[in-house]
Amino acid sequence: MRAIRRLPLVDDVRVSRTFTTVALRPDGPDPDAPAFANAVAIVTTRLAPQVLLGMLHAIEEEHGRVRAERWGDRTLDLDLIAYGDARSDDEHLLLPHPRAFERSFVLEPWLDVDPDAELPGRGRVADLLAALEDGS
């Protein structure tokens, strides 16, 4: 979070508590893998979304992230979940994140930092999380 706060044209960063979850693989949860620590940061910035994502990837690399395989183990994974109401279907920048609505490890920390949060095109984060918890 310190690295995000140091980014140029970033004026404000609010961060959730850290939530620990079981590692998720393409075929489901992996309780034998190291647990993941998840948090959400809400950033006020004048950076374009593509530039912000590039800077987030640079922070990952500074912390030892190597993109050897999709869904592989990683030291740090910084995703851009939403950027205001912006939408993008560019293969390098999908906005809003196409699977955020089905990931409690995204929704729970997001709700922690912003109880009124909305995921563009999907609705209120609180409702999305409740639907996951209900299994609907």
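# Exercises on a predicted model

**Exercise 1. Why does the radius of gyration of the chain agree with that of a compact globule?**

Step 1. Take the length: the chain has 136 residues. Step 2. A compact globule with that many residues would have a radius of gyration near 14 Å. Step 3. The chain has 15 Å, which agrees. Keep in mind that this is a predicted model. Step 4. Add the box: along the principal axes, the C-alpha atoms fill roughly 40 × 35 × 30 Å.

**Exercise 2. Work out which pattern of helices and strands the chain follows.**

Step 1. Count the elements: there are four helices and 10 strands. Step 2. Read them along the sequence, which gives α-β-β-β-β-β-β-α-β-β-α-β-β-α. Step 3. Look at contacts with a separation of 6 or more: 50% of them are between residues 24 or more positions apart.

**Exercise 3. Describe burial, surface and charge for the chain.**

Step 1. Of the 136 residues, 32% are buried. Step 2. The accessible surface is about 8700 Å². Carbon and sulfur atoms hold 48% of that surface. Step 3. The chain carries 16 positive and 25 negative charges. Their mean positions lie 4 Å apart.

**Exercise 4. Which residues have the most contacts inside the largest nonpolar core, and which elements supply at least two of its residues?**

Step 1. The largest nonpolar core has 14 residues. Ile4, Leu7, Leu52, Leu56, Ile59 and Leu80 have the most contacts inside it. Step 2. At least two core residues each come from helix H1 (2-5), strand E1 (10-15), helix H2 (49-62) and strand E8 (93-95). Step 3. H2 gives the largest share, four residues. Step 4. Test one member. Beyond its neighbours within four places in sequence, Ile59 contacts Ala3, Ile4, Leu7, Leu76 and Leu78. Step 5. Another core lies apart from this one and has 13 residues, including Val40, Ile81, Leu107 and Ala117.

**Exercise 5. Find the buried residues of H3 and what covers them.**

Step 1. Locate helix H3 at 104-113. Step 2. List its buried residues: Val106, Leu107, Pro109, Trp110 and Val113. Step 3. Use the helix repeat. An α-helix has 3.6 residues a turn, so residues three or four places apart point the same way. Step 4. Name the cover over the buried residues of H3. It includes E1, strand E2 (19-21), strand E5 (36-38), strand E6 (41-45), strand E9 (118-119) and helix H4 (125-134).

**Exercise 6. Examine the backbone at Leu9 and at the bond from Leu95 to Pro96.**

Step 1. Start with the rule: most residues other than glycine have a negative phi, and most peptide bonds are trans. Step 2. Leu9 has a positive phi, near 65 degrees. Leu9 sits in the loop between H1 and E1. Step 3. Its relative accessibility is 40%, so Leu9 counts as partly exposed. Step 4. The peptide bond from Leu95 to Pro96 is cis, with omega near -15 degrees. Pro96 belongs to the loop between E8 and H3.

**Exercise 7. Is Gly84 buried or exposed, and where do Gly84 and Pro98 lie?**

Step 1. Gly84 is in the loop between H2 and strand E7 (88-90). Step 2. The cut-off for exposed is over 50%. Gly84 has a relative accessible area of 58%, so Gly84 is exposed. Step 3. Gly84 and Thr44 are 40 residues apart in sequence, and their C-alpha atoms are 9.9 Å apart in space. Step 4. Pro98 is in the loop between E8 and H3. With 35% relative accessibility, Pro98 counts as partly exposed. Step 5. Pro98 and Ile81 are 17 residues apart in sequence and 8.4 Å apart in space, C-alpha to C-alpha.

Methods
Residues are numbered from 1 along each chain as its sequence is written. This is a predicted model: local features need pLDDT of at least 70, side-chain atom pairs count only at pLDDT 80 or more; totals for chains, interfaces and linings use all residues. Side-chain values use heavy atoms; hydrogens and water are left out. The radius of gyration is taken over C-alpha atoms; the globule rule is 2.2 Å times the number of residues to the power 0.38. Buried means under 20% relative accessible area, exposed over 50%, partly exposed in between (1.4 Å probe, protein chains only). Contact means heavy atoms within 4.5 Å. Accessible areas come from the Shrake-Rupley method with a 1.4 Å probe; for residues, only the protein chains shown count as cover. Lys and Arg count as positive and Asp and Glu as negative; His and the chain ends are not counted. The place of a charge is taken as NZ of Lys, CZ of Arg, CG of Asp or CD of Glu. A nonpolar core is a set of buried Ala, Val, Leu, Ile, Met, Phe, Trp, Tyr and Cys residues joined through side-chain atoms within 4.5 Å.
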